[in-house]
Amino acid sequence: VQLQASGGGLVQAGGSLRLSCVASGRTFSSYSMGWFRQAPGKEREFVAAISYSAGTTYYRDSVKGRFTISRDNAKNMVYLQMNSLKPEDTAVYYCAARRGVVVTGPAYDYWGQGTQVTVSS
């Protein structure tokens with residue numbers, strides 16, 4: 001599986017962005033998907049995840065109520081809608097895929113190249 005993330009950019013605090021991630025392959029619907037981020041000088045951290053059926057989602061506490069993860073299995077796409085952005089959301093965002101149950105840790109098999117999100121105050 002190859003993943004390509006896009007949609008990052010520069011936005012003012014309080015603004016919104018939607019990240020997209022397209023996956024190659026015909027078995028996308030069997031993968032759980034996650035979004036992670038890494039800020040300068042910090043470790044990569046979990047942001048959100050969604051099960052292969054989209055029936056289960058998880059979020060880190062700091063983004064609950066502001067971010068929404070979704071997927072379109074017909075298009076091999078996963079999205080991260082980010083609203084009410086804060087400067088502390090600034091990071092490189094990565095999408096990731098794994099076979100099996102959705103998890104919130106870094107145990108994902110495939111990673112995209114990342115897209116930069118910068119939130120100005």
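N76 is buried in this predicted model, because its relative accessible area is 15%, and buried means under 20%. The place of N76 is in the loop between β7 and β8. N76 is not a glycine, and yet its phi is positive, at about 55 degrees.

Allow me to turn to the two strands on either side of that loop. β7 and β8 form a hairpin, with four residues between them. Their pairing is antiparallel and runs over six bridges, with β8 covering residues 77-82. Two pairs may help you to find your way along the hairpin. R71 has V78 in β8 as its bridge partner, and I69 stands opposite L80 in β8. The two faces of β7 may also be told apart: F67, I69 and R71 make up the covered face, whereas T68, S70 and D72 make up the uncovered one.

A second residue with a positive phi deserves a brief word. A54 is not a glycine either, and its phi is about 70 degrees. A54 is found in the loop between β5, residues 45-50, and β6, residues 57-59. In contrast to N76, which is buried, A54 counts as partly exposed, because its relative accessibility is 36%.

Let us now place the hairpin in its sheet. Four strands form an open sheet, in the order β1-β3-β8-β7, and the pairing is antiparallel. Which strands lie at the edges? They are β1, residues 3-6, and β7, residues 67-72, and each of these pairs on one side only. From one strand to the next, the twist averages 15 degrees. As a general remark, strands of a sheet pair through backbone hydrogen bonds, in a parallel or an antiparallel manner.

Within this sheet, β3 pairs with both β1 and β8. Four bridges join β1 to β3, and these strands run antiparallel. Six bridges link β3 with β8, again in the antiparallel sense. S20 of β3 is a convenient point of reference here: S6 stands opposite S20, and the bridge partner of S20 in β8 is Y79. Is β3 enclosed or open to the outside? It is largely enclosed by the rest of the structure, because five of its seven residues are buried.

S6 itself lies in strand β1. S6 counts as partly exposed, because its relative accessibility is 38%. Leaving aside neighbours within four places in sequence, S6 is in contact with R18, L19, S20 and T115. S6 and C21 are 15 residues apart in sequence, while their C-alpha atoms are 6.3 Å apart in space.

C21 brings us to the disulfide. The count of disulfides comes to one, and this one joins C21 to C95, with an S to S distance of 2.1 Å. C21 lies in strand β3, residues 17-23, and C95 lies in strand β9, residues 91-99, so the pair ties together parts that are 74 residues apart in sequence. The torsion about the S-S bond is about 60 degrees, so the disulfide is right-handed. Both C21 and C95 are buried.

My last topic is the nonpolar interior. In soluble globular proteins, nonpolar side chains tend to be buried together. Here the largest nonpolar core has 29 residues. Which residues have the most contacts inside this core? They are W35, L80, M82 and Y93. At least two residues of the core come from each of β1, β3, β4, β5, β7, β8, β9 and β11, where β4 is residues 31-38 and β11 is residues 115-120. Another core, of six residues, lies apart from the largest one, and F46, A49, A96 and Y108 are among its members.

L80 is a good residue on which to close, since we have already met it in the hairpin opposite I69. Not counting residues up to four places away in sequence, L80 touches L17, R18, L19, W35, V47, A48, F67, T68, I69 and Y93. Two of the residues just named, W35 and Y93, are, like L80, among those with the most contacts inside the largest core.

Notes: Residues are numbered from 1 along each chain as its sequence is written. This is a predicted model: local features need pLDDT of at least 70, side-chain atom pairs count only at pLDDT 80 or more; totals for chains, interfaces and linings use all residues. Side-chain values use heavy atoms; hydrogens and water are left out. Two strands pair if DSSP finds at least two bridges between them. Axes are lines fitted to C-alpha atoms, for helices over the stretch in contact, and angles run from 0 to 180 degrees between N-to-C directions. Buried means under 20% relative accessible area, exposed over 50%, partly exposed in between (1.4 Å probe, protein chains only). Contact means heavy atoms within 4.5 Å. A disulfide is a pair of cysteine sulfur atoms within 2.5 Å. A nonpolar core is a set of buried Ala, Val, Leu, Ile, Met, Phe, Trp, Tyr and Cys residues joined through side-chain atoms within 4.5 Å.
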